[in-house]
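Visitor: Please take me closely through a single part of this protein. Then relate that part to the rest of the chain.

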Amino acid sequence: LVRVYIIRAFDLQPKDANGKCDPYVKISVGKKSINDQENYIPCTLEPVFGKMFELSCTLPLEKDLKITLYDYDLLSKDEKIGETVIDLENRFLSKYGARCGLPQTYCVSGPNQWRDQLRPSQLLHLFSLQHNYKAPTYKSDRLIFREHEYVLSELEDSKPLNPHLGPVEERLALYVLRKQGLVPEHVETRRLYSPLQPEIEQGKLQMWVDLFPKSLGQPGPPFNITPRKAKRFFLRCIIWNTKDVILDDLSITGEKMSDIYVKGWLVGHEENKQKTDVHYRSMGGEGNFNWRFIFPFDYLPAEQMCYIAKKEHFWSLDKTENKIPPQLIFQIWDNDKFSFDDYLGK
């Protein structure tokens with residue numbers, strides 16, 4: 001069983017006239033393939049896929065895992081952006097345990113639940129057999145391996161304990177394994193190349209692969225890498241009053257004055273500009289309003305970014321997704337009846 005986790009791609013070569021592309025993923029090993037064309041991501045050179053794909057294969061007959069990114073086109077044939085090939089047999093037989101990277105903690109539940117079929121103690125036992133080392137010796141809170149003593153209190157000292165952690169001997173075995181130069185859990189950044197321009201990089205793909213032999217039974221649950229969804233928020237602003245506003249007009253009697261109003265909007269939501277009523281003939285730069293603006297917006301609290309999805313042109317088929325820092329803009333204007341309003345400040 002092969003689990004392929006595709007996180008994101010970046011620095012892709014543009015394929016469309018607008019300088020962007022509509023990428024999607026196709027994965028193949030041997031004669032099996034998974035085509036994710038219907039979930040293409042429109043108008044971007046930095047797509048975030050956040051998906052896991054499962055395939056079965058027979059080693060060494062079907063050893064090459066090929067991951068290809070295509071550009072979706074509605075009317076013409078989809079163009080290949082680039083591809084990367086992983087030798088699964090090489091990983092499976094590697095002495096560095098590249099089959100499934102070692103996590104930092106041994107959790108029996110929660111989001112970081114152990115994925116490998118073998119527990120850390122079983123992996124350590126196998127490791128000692130392969131290298132003709134003496135089998136590890138477990139005591140109540142310590143482990144002796146290759147004449148080194150590892151004590152649990154030294155390893156987990158001062159950190160608040162994770163409620164999902166597994167038994168003590170498994171945590172010790174995992175700590176010892178991580179000291180043996182085996183492959184840790186990590187995200188690979190792989191270069192994409194196209195057969196049409198074999199020497200020129202077409203972008204980069206961030207991903208990782210887990211391999212599970214069927215003979216060892218069922219693996220743990222897959223890791224969830226689905227991208228976060230933005231939450232809908234409402235920003236309420238009360239415009240109470242203004243003071244010391246520039247006096248831009250002259251009244252009939254020749255005195256300086258301004259007809260003040262306030263305009264506000266969120267950056268990226270310019271179509272939802274709002275304005276107060278007008279405070280006419282302010283002689284001292286003061287305006288009283290008690291006016292409320294309400295701005296709806298989609299926000300990602302973990303990234304502290306606003307999420308905006310809208311069509312770039314009226315003829316665009318799909319909405320373009322962007323993330324921008326949240327910014328609120330207020331402007332003070334002077335209202336004029338027979339000419340354009342005068343901008344006073346923001």
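Guide: Two strands pair if DSSP finds at least two bridges between them; strands (E, at least two residues) and helices (H or I, at least four) are DSSP runs numbered from the N terminus. The model is predicted, so local features need pLDDT of at least 70 and side-chain atom pairs pLDDT 80 or more, while totals for chains, interfaces and linings use all residues. Residues are numbered from 1 along each chain as its sequence is written, and side-chain values use heavy atoms, without hydrogens or water.

The part to look at is the pair β10 and β11. Strand β10 covers residues 188–194 and β11 covers residues 197–211. A hairpin of 2 residues connects β10 to β11. The two strands run antiparallel and are joined by 7 bridges. One bridge partnership links Tyr 193 to Glu 201 in β11.

The side chains of β10 alternate. Glu 188, Arg 190, Leu 192 and Ser 194 point to one face and are buried (under 20% relative accessible area, 1.4 Å probe, protein chains only; exposed is over 50%, partly exposed in between). Thr 189, Arg 191 and Tyr 193 point to the other face and are not buried. In a regular strand, side chains alternate between the two faces of the sheet.

The partner strand leads on to the nonpolar interior. The largest nonpolar core (buried Ala, Val, Leu, Ile, Met, Phe, Trp, Tyr and Cys joined through side-chain atoms within 4.5 Å) has 25 residues. Those with the most contacts inside this core are Val 4, Ile 6, Leu 65 and Ile 67. Strand β11 is among the elements that give two or more residues to this core, along with β1 (2–10), β2 (23–29), β4, β5 and β6 (79–87). Leu 65 touches (heavy atoms within 4.5 Å) residues including Val 4, Ile 27, Leu 55, Val 85 and Val 209, with residues up to four places away in sequence not counted.

Strands β4 (48–55) and β5 (64–71) flank a loop that holds Pro 60. The peptide bond from Leu 59 to Pro 60 is cis, with omega near 5°.

The chain is divided into domain 1 (2–95 + 185–216), domain 2 (120–179) and domain 3 (231–345); the bounds come from an automatic or database domain assignment. The C-alpha centres of domain 2 and domain 3 are 61 Å apart.

Residues of helix α2 (120–130) that are buried are Pro 120, Ser 121, Leu 123, Leu 124, Phe 127 and Ser 128. They lie on the same side of α2 because they cover an arc of only 160° around the axis, taken from the directions from the helix axis to the C-beta atoms. Leu 129 and Gln 130, on the other side of α2, are exposed. The buried residues of α2 pack against β7 (137–138), β8 and α4 (168–178). A second, separate nonpolar core of 18 residues includes Leu 143, Tyr 150, Leu 172 and Val 176.

Some backbone angles deserve a check. Arg 146, in the loop between β8 (142–145) and β9 (148–151), has phi near 50°, a positive value in a residue other than glycine. Arg 146 is partly exposed, at 43% relative accessible area. Asn 132, just after α2, has a positive phi of about 55°. Asn 290 also has a positive phi, of about 50°, and sits in strand β17 (residues 287–300).
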